[in-house]
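Trainee: Could you walk me through this one before I open it on my own screen?
Mentor: Gladly, let's look at it together.

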Amino acid sequence: MFNDLNKKVAVITGGSKGIGNAIALRFAQEKMNVVINYHSDEAGAQAAVDEIRKNGGDAVAIKADVSTETGVKALLQAAIDNFGGLDVWVNNAGMEIQTPTHQITLEEWNKVIGINMTGVFLGAKEALNYWLDNDRTGNIINMSSVHQQIPWPTFASYATAKGGVKLFTETIAMEYAPKGIRVNNIAPGAINTPINAKKFADKSQYAETQSMIPMQKIGDPEDVADAAVWLASNQAKYVTGTTLFVDGGMTLYAAFQDGKG
Ligand code: NAD
């Protein structure tokens, strides 16, 4: 338990399923008040709200597109209106499009960058302005990926966005550290969520991904949520501008296992 999180207010983007959903439920275990953003899956977001309320916490579900200013402003407003402020902002929403780079359309490219990278900027800007205007502090957690580091052919837009998120996190962590605001990044490896549902339904693809992980295990959304709750808490009070890899060792180059190479 992280007692300092009790009654703190968090916004989580893309919280209706997958990693964002697990973070919302984990934050609720700390009795935080949670704004769960969803884009299309209202039922998923509402189910999370219901579960949190059933367990004595509080949450609201808010529809918003994080790649728009009106969307992120609605999320901040919901935090203020329902819970009186904001302490933690988790930029988790993301998506990917697989296309050879010479064939991806500008529209597809802009969509991936808009949600995965510009959405992070917009969310962070909203949170920063709120804390600065109200003479408060808080912390931001951005959901990057191992692909901020590992190149990913046919997913250039996604890898570019996540690489951008890494440097954005480091830059604003430095910019706002003197104000007592922390900004960190989580880089998940292969996690069993809807984004990977099609791939992992194929046994051979599941096994192939598993073989790229030294711990030989696909991660669970809760593994990422456990990292997020620590970063959000005061136990990480001296941690800013870092990327916490939650990847079972995927970034350690599993191909070199047993002295190969
Ligand atoms: P997911 O598909 O289960 O969830 C993504 C969420 O983002 C969904 O709730 C979706 O509705 C939301 N979203 C998409 N576009 C949006 C928009 N315009 N506005 C608001 N919300 C929007 O996937 P996930 O695996 O839970 O992914 C969560 C984050 O973790 C993403 O940023 C993803 O890139 C990152 N990530 C996931 C993995 C993995 O293996 N699952 C690995 C590395 C990084």
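Mentor: A word on terms to start: helices (H or I, at least four residues) and strands (E, at least two) are DSSP runs, numbered from the N terminus. This is a predicted model, in which local features need pLDDT of at least 70, side-chain atom pairs count only at pLDDT 80 or more, and totals for chains, interfaces and linings use all residues. Residues are numbered from 1 along each chain as its sequence is written, and side-chain values use heavy atoms, with hydrogens and water left out.

Trainee: Okay, what does Lys31 do just after α1?
Mentor: Lys31 takes a positive phi of about 65 degrees there.

Trainee: And α1 itself, how many of its residues are buried?
Mentor: Ten of its twelve residues are buried (under 20% relative accessible area, with a 1.4 Å probe and protein chains only), among them Gly18, Ile19, Arg26 and Phe27.

Trainee: Switching to the ligand, which residues are closest?
Mentor: Of the 27 residues that surround the ligand, with a heavy atom within 4 Å of it, the closest are Ile19, Asn92, Tyr158, Ile191 and Thr193.

Trainee: Which polar atom of Tyr158 lies 2.6 Å from a ligand oxygen, side-chain or backbone?
Mentor: A side-chain one, and this is a polar contact, meaning a pair of N or O atoms within 3.5 Å. For Asn92, a polar backbone atom is 2.8 Å from an oxygen atom of the ligand.

Trainee: Which elements give two or more residues to the shell?
Mentor: Those are α1 and α5, the latter spanning 156-176.

Methods
Buried < 20%, exposed > 50% of the residue type's maximum accessible area, 1.4 Å probe, protein only. Polar contact = N/O pair within 3.5 Å; in protein donor to acceptor, adjacent residues only side chain to side chain.
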